[in-house]
Amino acid sequence: DVPDIATPWRTQAIMNQFDIATKKSLGQNFLTDTQILAKIVTAADVQEDDNVIEIGPGIGALTEQLARKAGQVVALEIDERLIPVLDHTLAPYKNVTVLQEDVLKVNLKQMVMDNFNNPERPLKLVANLPYYITTAILMQVLQADLKFDNIVVMMQKEVADRLSAAPGTKDYGSLTLAVQYRMQAHLAFTVSRTSFIPSPNVDSAIVSLTPRKPLSVQPTSEGQLFSLFKIGFAMRRKTLWNNLITGFGKSDTMKEKLRLALTNAQIDPKIRAERLTLEDFITLQNALAQAGV
Ligand code: SAM
């Protein structure tokens, strides 16, 4: 049996052996809690025929646990210093491929096609994300043309709260809608700062994203829908009307189109966007397109 990478003593020993100091600029906080890792792998329900993508393997703490359960794991790590470390720590696991890549620059669909032996098998994404780019990574992953069985990711707790927020709450916003448009988000559990080396200065949580049930309405333009999420919440304290004219334009003809769209969508211009459900936003997008916005 190979000892776990993720114990505090082994993590420290590996970092000493390779003379690695963690880089704050890359969001490097390594998990050193095997119980948390076990809970993450359980939350993702990793099975032996699963293809698993990991973003940011670090020194391999989570990668190793995934490799023991999954069919195949492909891990993307930006930091070139960690590649020889991962070659060493993950040597016992023949089903792991480590790629030195910036996840924000990679074509994920192509990556899946090129690196998994059976790309049609169930696909999961499991990661302890680099927190400085959590939102950008989520958007990249959700916009990739890939069907994930689930996505189980650790992030700062305040972002986790936004993903799983309900309409009318302070955490509900454009990020909530962009994520919930594609997936159902559930905050699985929170993780103590002491579970990492070094300790992050924010609280952390695991979010589980699963395919959502079909929507009752469909947008005629996803691009316009996503713009509408941003425009609606551009200034949270302002009315929907104020945000719409700021976002789309204040000319008389534009105001006329916006008024018509709101009437047809049966949405009160004086409410705030935080009161609108995802379906309301989609209905409004349809009405805007219909009115020629
Ligand atoms: N998975 C490891 C663990 O749980 O101990 C490390 C997690 S650490 C929070 C985030 C990892 O993401 C680091 O290894 C960091 O180098 C890597 N990373 C940061 N930016 C990245 C990027 N743009 N693309 C790929 N990996 C990145």
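Visitor: What makes a stretch count as a helix or a strand here?

Guide: A helix is a DSSP run of H or I with at least four residues, and a strand is a run of E with at least two. On that basis the secondary structure of this chain, in a predicted model, comes to 12 helices and 9 strands.

Visitor: What about the chain overall?

Guide: Its C-alpha atoms fill a box of roughly 70 × 40 × 30 Å along the principal axes. Of the 293 residues, 38% are buried. Take the contacts with a separation of 6 or more: 68% of them come from residues 24 or more positions apart.

Visitor: How do you know that the length of helix 11 agrees with its number of residues?

Guide: Helix 11 covers residues 252–265, which is 14 residues. The expected span takes 1.5 Å times one less than the number of residues, and for helix 11 that should be 20 Å. The end C-alpha atoms are 20 Å apart, so the two agree.

Visitor: Which residues of helix 11 are buried, and what makes them a face?

Guide: Leu258, Ala261 and Leu262 are the buried ones. Looking down the axis of helix 11, they fall within an arc of 95°, so they line one face of the helix. On the other side, Asp252, Thr253, Glu256 and Thr263 are exposed. The cover over the buried residues includes helix 10 (240–248) and helix 12 (278–290). Right after helix 11 comes Gln266, with a positive phi near 55°.

Visitor: Which residues of helix 9 are buried, and how do you know that they line one face?

Guide: In helix 9 (residues 222–232) the buried residues are Leu225, Leu228, Phe229 and Gly232. Seen down the axis of helix 9, those residues stay within an arc of 105°, so they line one face. Helix 8 (174–180), helix 10 and helix 12 are among what covers them.

Visitor: Why is helix 2 called oblique to helix 3?

Guide: The axes of helix 2 (residues 34–43) and helix 3 (residues 61–69) come within 10 Å and cross at roughly 45°. Under 35 degrees would count as roughly parallel, and 65 to 115 as roughly perpendicular. The crossing angle therefore makes helix 2 oblique to helix 3. As for handedness, helix 2 passes helix 3 in a right-handed crossing. On the helix 2 side the contact is made by Leu37, Ala38, Ile40 and Val41; helix 3 brings Ala61, Leu62, Gln65, Leu66 and Lys69.

Visitor: Why is Asp19 called exposed?

Guide: Asp19 has 7 other C-beta atoms within 10 Å, and exposed applies at 12 or fewer. So Asp19 is exposed. You'll find Asp19 in the loop between helix 1 (8–17) and strand 1 (30–31). Its phi is positive, near 55°, in a residue other than glycine.

Visitor: And what makes Asp45 partly exposed?

Guide: Buried takes 20 or more, exposed takes 12 or fewer, and partly exposed sits in between. Asp45 has 14 other C-beta atoms within 10 Å, so Asp45 is partly exposed. Asp45 lies in the loop between helix 2 and strand 2 (51–55). Although Asp45 is not a glycine, its phi is positive, about 50°.

Visitor: Which residues does the cis peptide bond join, and what is omega there?

Guide: The bond joins Ile197 and Pro198, with omega about -10°. Pro198 has its place in the loop between strand 8 (196–197) and strand 9 (204–211).

Definitions and conventions:
Residues numbered from 1 in each chain as written. Predicted model: local features only at pLDDT ≥ 70, side-chain atom pairs only at ≥ 80, totals over all residues. Arc of directions from axis to C-beta. Contact = placed C-beta atoms within 7 Å. Axes fitted to C-alpha atoms, helices over the stretch in contact; angles between N-to-C directions. Parallel < 35°, antiparallel > 145°, perpendicular 65-115°, else oblique. Left-handed = near helix turned anticlockwise from the far one by under 90°.
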